[in-house]
Amino acid sequence: VCDLRTVDPLDDPVLAAAGATVTVFDNSPRQLAQDRKVAKREGLTIDTEQGDMADLSRFGDSSFDLIVHPVSNVFVPAVRPVWNEAFRVLRSGGEMLAGFCNPAMFIFDDQLSDEGILQVRHKLPYSDLTHLTAEERQRYINDLQPLEFSHTLEDQIGGQLDAGFVLTGFYEDVWPGQLLSDYMPHYITTRARKQTW
């Protein structure tokens, strides 16, 4: 199992405890340190690798049976290279579980949304680098918040298909307590298979 992500280390120990050989691939050394800490505490074996999810060149073709890809695409400016690399490193018949944000959640003013007001502010696709003022970006940095990017559904779903995946599942979910969840799902998860014909 290869977990391509920059969030939530909780799934890795569960997979390892179930008997999977787990490799965590993350860009954050602090996140990987947390994975190692949990694995040591629980007596589990988890390999950790630091790097960019759009470049899995350290792994050979057909290296993994399963890729778990939680909502991480929000941290990369281009998602299609991620899908292409995931397809390459999966074995034939292997599957990828991928979560990502519904791009519509990025059109609203974030601060006003926290105040209970949904006001359209941004065009899509969204990027903190280009849509926020310098002052707003600095506030994010000061608060230790990552900069984020939205992606079109054409790149999120169509990009998986273009990479060669066959979609075998689709699920939407909400973020409890968030105003937008009263109106629409925030998150999408796909199950995709590397099909050989």
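The points below comment on a predicted model, going from its overall build to individual residues.

1. Elements. The protein is made of seven helices and seven strands. Read from the N terminus, their order is β-α-β-α-β-β-α-β-α-α-α-α-β-β, a run in which the last two elements are both strands.

2. Overall dimensions. For 197 residues, a compact globule would be expected to have a radius of gyration near 16 Å, and the 17 Å found for the protein agrees with that expectation. Along the principal axes, the C-alpha atoms occupy a box of roughly 45 × 40 × 30 Å.

3. Burial, contacts and surface. Of the 197 residues, 42% count as buried. If contacts with a sequence separation of 6 or more are taken together, 62% of them are between residues 24 or more positions apart. The exposed area of the protein comes to about 10,500 Å², and carbon and sulfur atoms contribute 52% of that area.

4. Charges. The protein carries 17 positive and 30 negative charges, and the mean positions of these two sets are 5 Å apart.

5. Aromatic pairs, with Phe25 and Phe59 as one of them. The structure contains five aromatic pairs. In the pair of Phe25 and Phe59 the ring centres are 5.7 Å apart and the planes stand at 70°, so the arrangement is edge-to-face. The two residues are 34 positions apart in sequence, with Phe25 in strand β2 (residues 22-26) and Phe59 in the loop between β3 (46-50) and β4 (64-69), and the pair therefore links distant parts of the chain. Both partners are on the buried side of the classification: Phe25 has a relative accessible area of 1%, and Phe59 has 11%.

6. The pair of Phe87 and Phe165. Here the ring centres are 5.1 Å apart and the planes meet at 90°, so this pair is edge-to-face as well. Because Phe87 belongs to helix α3 (residues 80-89) and Phe165 to strand β6 (residues 165-173), the pair ties together parts of the protein that are 78 residues apart in sequence. Phe165 is buried at 3% relative accessibility. Phe87 also counts as buried, with a relative accessible area of 19%, but a reader should keep in mind that the class is defined as under 20%.

7. The cluster around Phe64. Ring pairs join Phe25, Phe59 and Phe64 into a cluster. Phe64 lies in strand β4 and is buried, its relative accessible area being 7%. As a distance across the model, the C-alpha atoms of Phe64 and Thr189 are separated by 20 Å, and these residues are 125 positions apart along the chain.

8. Gly60 and its contacts. Gly60 is located in the loop between β3 and β4, and with a relative accessible area of 37% it is partly exposed. When residues up to four places away in sequence are set aside, Gly60 touches Arg88 and Val89. The C-alpha atoms of Gly60 and Val89 are separated by 6.3 Å, although the two residues are 29 positions apart along the chain.

9. Backbone points to check. Most residues other than glycine have a negative phi, and most peptide bonds are trans. Against that background, three places in the model may be listed. Ser62, which is not a glycine, has a positive phi of about 60°; Ser62 sits in the loop between β3 and β4 and is partly exposed at 36% relative accessible area. Leu144, again not a glycine, also has a positive phi of about 60°; Leu144 is found in the loop between α6 (134-142) and α7 (153-163), and at 75% relative accessibility Leu144 counts as exposed. The peptide bond between Leu124 and Pro125 is cis, with omega about -5°, and Pro125 lies in the loop between α4 (110-114) and α5 (128-131).

10. The loop between β3 and β4, taken together. Which residues named in this note belong to this loop? Among them are Phe59, Gly60 and Ser62. Phe59 is buried at 11% relative accessibility, whereas Gly60 is partly exposed at 37% and Ser62 is partly exposed at 36%.

Terms used:
Residues numbered from 1 in each chain as written. Predicted model: local features only at pLDDT ≥ 70, side-chain atom pairs only at ≥ 80, totals over all residues. Heavy atoms only, no water. Helix = DSSP H or I, 4+ residues; strand = E, 2+ residues; numbered from the N terminus. Rg over C-alpha atoms; globule rule 2.2 N^0.38 Å. Buried < 20%, exposed > 50% of the residue type's maximum accessible area, 1.4 Å probe, protein only. Contact = heavy atoms within 4.5 Å. Areas by Shrake-Rupley, 256 points an atom, 1.4 Å probe, with all protein chains shown as cover. Lys, Arg positive; Asp, Glu negative; His and termini not counted. Charge placed at Lys NZ, Arg CZ, Asp CG, Glu CD. Phe/Tyr/Trp six-rings, centres within 6.5 Å; stacked < 30°, edge-to-face > 60°.
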